[in-house]
Amino acid sequence: MGAKARTRAQLIAVDGLRGRTIARRAQEVRRKMKRKWNVRAGISRWDASGAFCDLRAAGRKALTLTPRTLLLLYASDLAFRVRWEIGPALDAGQTVIAAPYVDTAIAFADDAGLPRKWVTELLRFAPRAGAHVHAGGTKKGKVPKSAAMAGFIEFATVAARRLQQRTPRKPSTSR
Amino acid sequence: MRAAELRSLVKARERSRGLLIAFEGPDGAGKTTQRKLFKTWLKSEGHSVVTSKWNSSPLIKPLIKSRKKIHALSPLEFSLLHAADFRHRLHSKVLPALWNGRIVLADRFLFTGLARDAARGLDLDWLLHVYSPLFWPDMVFYFSVSSGTSATRISAERQPKFYEAGQDVTGDADALASYKRFIGRVIREYEALALIFQFVTIDAEQPMYEQHRRIRDAFAGESRRPWAKWNVDAVTEWLATEGAPPDGR
């Protein structure tokens with residue numbers, strides 16, 4: 001395609017296990033699109049709706065959300081992003097990089113032992129991406145509390161740790 | 001713990017667990033009044049009772065409230081945030097209380113989400129999926145009123161709020177006119193759910209005490225839905241992620 005600008009709307013999904021890696025990769029993709037095809041692409045980022053930021057800012061000690069609840073919140077944030085960022089960009093014939101997108105949620109659901117069918121159906125409202133970029137990253141290593149807003153996986157990891165700290169080791173069987 | 005162990009825990013808890021009783025119906029049907037009367041009576045009979053209201057998760061309610069205030073929610077976002085609120089309450093309040101043998105009275109339950117969201121045009125099959133694994137109450141009392149009665153009762157006290165009136169989907173600037181249109185759709189959805197999910201229908205246009213007696217009678221002949229058959233997925237997921245609370249929590 002050379003340096004000629006692409007005019008067709010395109011959705012590129014960037015997914016991975018670390019928020020900062022996803023953000024970095026999204027910037028790289030954007031730069032590459034500009035350099036190679038002279039395409040200006042916008043980036044749609046996690047928590048555009050501010051829901052997770054509000055949860056974090058509330059600073060509630062009892063911030064203990066289960067994986068399914070976290071995914072419902074992720075879905076509501078993604079619905080917001082589709083309505084205000086992804087959808088309008090595609091409608092205007094522009095290219096948009098969704099970082100993160102559906103595969104990040106699927107990876108989290110797999111890790112949490114939730115059925116993949118549930119999460120794919122939950123997010124079926126999200127337009128299909130034309131290209132997928134895997135940002136990589138690993139879940140190894142402890143996520144510090146201060147990194148909770150780096151990305152969805154980090155937020156969920158911190159929440160899950162708090163949940164485990166509160167959870168008794170063995171379910172009570174008496175009565 | 002393995003899935004089989006969790007399932008056997010659920011089965012073993014069946015006899016000592018509490019009952020979940022849901023109060024459903026359109027606004028202005030008198031659910032809250034009846035729920036309070038019933039709670040008082042249950043306590044007088046020596047039962048330990050907990051109430052869980054719709055959209056009351058201390059974590060998620062503030063998110064919803066602030067976004068409702070500026071009319072910022074689409075039907076999809078509205079639905080997903082309420083589903084998150086529901087799941088958080090189910091895991092943090094409803095299931096721990098039931099596990100410890102307490103009766104939980106739910107002032108609206110998942111059927112509220114289903115009826116309102118379907119009235120907003122969302123697909124019922126998708127909604128059932130969003131709320132899955134479904135957690136079935138032992139009994140659902142559906143307070144049946146006409147849309148006219150609901151609108152009259154609501155407007156006697158206050159102006160319907162933006163989302164309550166369905167103004168986000170009707171586009172009608174007149175809140176009461178919008179409410180009348182929207183609540184009709186909600187009632188149609190409720191009536192379909194009442195048939196499918198076998199609600200106990202209470203004629204909410206009857207005198208208050210008649211309704212209360214009907215609820216007591218239905219409770220006396222209660223049949224619980226065995227968790228092992230109806231709710232095993234929801235309860236085992238909760239046990240796996242949160243663990244059962246210590247007795248008496």
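Two residues are taken to be in contact if their C-beta atoms, placed from the backbone, lie within 7 Å. On this basis, among the contacts in chain B between residues at least 6 apart in sequence, 81% join residues at least 24 apart. The corresponding share in chain A, for contacts with a separation of 6 or more, is 79%. The model described here is predicted.

The secondary structure of chain B comprises 12 helices and 5 strands. The C-alpha trace of chain B spans about 55 × 40 × 30 Å along its principal axes. A compact globule of 249 residues would have a radius of gyration near 18 Å, and the value for chain B, 18 Å, agrees with this. Of the 249 residues of chain B, 46% count as buried. Chain A contains 6 helices and 4 strands, which follow the pattern β-α-β-α-α-β-α-α-β-α along the sequence. Buried residues account for 45% of the 175 residues in chain A.

In chain B, 5 strands form an open sheet with parallel pairing, in the order β2-β3-β1-β4-β5. The edges are occupied by β2 (49-53) and β5 (200-203) of chain B; each has a single partner strand, so one side of each is left without a neighbour in the sheet. Neighbouring strands of this sheet are turned by 20° against each other on average, direction ignored. The edge strand β2(B) pairs with β3 (residues 103-107) of chain B in the parallel sense over 5 bridges. Within β2(B) and β3(B), Ser52(B) stands opposite Ala106(B) in β3(B). Helix α4(B) lies across β1, β2 and β3 of chain B and runs at about 160° to β2(B).

The contact between the chains takes 30 residues from chain A and 27 residues from chain B. On the side of chain B that touches chain A, at least two residues each are supplied by α1, α3 (61-69), α4 (75-99), α6 (124-130) and α12 (232-242) of chain B. The largest share of this side, 9 residues, comes from α4(B). By residue type, the side of chain B that touches chain A divides into 14 nonpolar, 9 polar and 4 charged residues.

Helix α3(B) was examined further. Leu63(B), Ile64(B) and Arg67(B) are buried in this helix. These residues cover an arc of only 95° around the axis, which puts them on the same side of α3(B). The buried residues of α3(B) pack against α2 (51-58) of chain A together with α4 of chain B. The face of α3(B) turned away from its buried side carries Lys65(B) and Lys69(B), which are exposed. Just after α3(B), His71(B) takes a positive phi of about 55°.

A further position considered in chain B is Ser16(B), located in the loop between α1 (3-13) and β1 (20-24) of chain B. A residue is classed as exposed if 12 or fewer other C-beta atoms lie within 10 Å of its own. Ser16(B) has 12 other C-beta atoms within 10 Å and is therefore exposed. The C-alpha atom of Ser16(B) is separated by 31 Å from that of Leu127(B), with the two residues 111 residues apart along the chain.

Technical notes
Residues numbered from 1 in each chain as written. Chains lettered and ligands numbered in written order. Predicted model: local features only at pLDDT ≥ 70, side-chain atom pairs only at ≥ 80, totals over all residues. Buried ≥ 20, exposed ≤ 12 C-beta atoms within 10 Å, placed from the backbone. Nonpolar A, V, L, I, M, F, W, Y, C, P; charged D, E, K, R; others polar. Pairing = 2+ DSSP bridges. Axes fitted to C-alpha atoms, helices over the stretch in contact; angles between N-to-C directions. Arc of directions from axis to C-beta. Rg over C-alpha atoms; globule rule 2.2 N^0.38 Å.
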